[in-house]
Amino acid sequence: MKKISKIFSIFLVCLLPLLGSVGTVFAADQNIGLCEQPIYFEYNKIETFGIDKPYNSEWDLSKEGKYTFSGWCIDNYLYTNYTFTGASSVRIWVNNNSNQKITVKLLKQQPGVDWSQSTRSIEAGKTLSWRVDSLNKSSYYYLQFSKGSNVSGYIEAV
């Protein structure tokens, strides 16, 4: 009986680390609709990581509807994978899942320096929803999240 007990104990000792590592991977750990280091686009050329202009595609809020995102980063800013167009007013909803205060900016893409259209700070563990009016429907906008962000939310036309 002691021999079976020892074998079972050894089996458990070998199995427990495997079970622990299997439980640490979640779908929510992936960034959805957000990127840490976007590729940038300016005047028909691809540039390396910079401080403005997400390259990926545009998202027309009037045609494609609400854009949902979730993701996290430690040492980099987070950006939406798309620039948004087609709306003169938007509602932004952000849940701050991190343990620190974060800053969210809605930036207008333009030649040179991108301009902030709206900036909000969100306390750790809190949710904030706000409306931004007087946007140009044909301009392009994107969201930037401060370093250390862990967020989920959406942007939609209103």
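Here are some questions and answers on how the features of this predicted model earn their names.

This is a predicted model in which residues are numbered from 1 along each chain as its sequence is written, local features need pLDDT of at least 70, and side-chain atom pairs count only at pLDDT 80 or more, while totals for chains, interfaces and linings use all residues. Side-chain values use heavy atoms, with hydrogens and water left out.

Q: What makes strand 8 and strand 11 a pair?
A: Two strands, which are DSSP runs of E of at least two residues numbered from the N terminus, pair if DSSP finds at least two bridges between them. Strand 8 (residues 90-96) and strand 11 have 6 bridges in the antiparallel sense, so they meet the rule of at least two. One of these links joins Val94 to its bridge partner Leu128 in strand 11.

Q: How do you know which strands are the edges of the open sheet?
A: The sheet has 4 strands in the order 5-13-8-11, with antiparallel pairing. Strand 5 (67-72) and strand 11 (127-132) each pair on one side only, which makes them the edge strands. From one strand to the next, the twist averages 15°, taken between N-to-C directions of lines fitted to C-alpha atoms, on a scale from 0 to 180 degrees.

Q: Which strands does strand 13 pair with, and over how many bridges?
A: Strand 13 (residues 150-157) pairs with strand 5 over 6 bridges and with strand 8 over 7 bridges, antiparallel in the strand 5 case and in the strand 8 case. Ile155 is the bridge partner of Tyr67, and Ser152 is that of Asn95.

Q: Why is the space lined by Leu61, Phe84 and others called a cavity?
A: A cavity is a set of points, on a 1 Å grid over the protein atoms alone, where a 1.4 Å probe fits but cannot get out; lining residues have an atom within 4 Å of a point. The model has 1 cavity of 30 Å³ or more, and the largest has a volume of about 40 Å³, meaning the space filled by probe spheres set on points joined across faces, edges and corners. Among its lining residues are Leu61, Phe84, Tyr141 and Ile155.

Q: How do you know where the predictor's confidence stays low?
A: pLDDT is that confidence for each residue, from 0 to 100, and it stays under 50 over residues 15-28 and over residues 39-52. Counting contacts as heavy atoms within 4.5 Å, residues 15-28 have 1 beyond four places in sequence, while residues 39-52 have 33. Where pLDDT is low, the predicted coordinates should not be read in detail.

Key: On a 1 Å grid over the protein atoms alone, a cavity is a set of points where a 1.4 Å probe fits but cannot get out, and a pocket is an open set with protein on both sides within 12 Å along at least five of seven lines; lining residues have an atom within 4 Å of a point.
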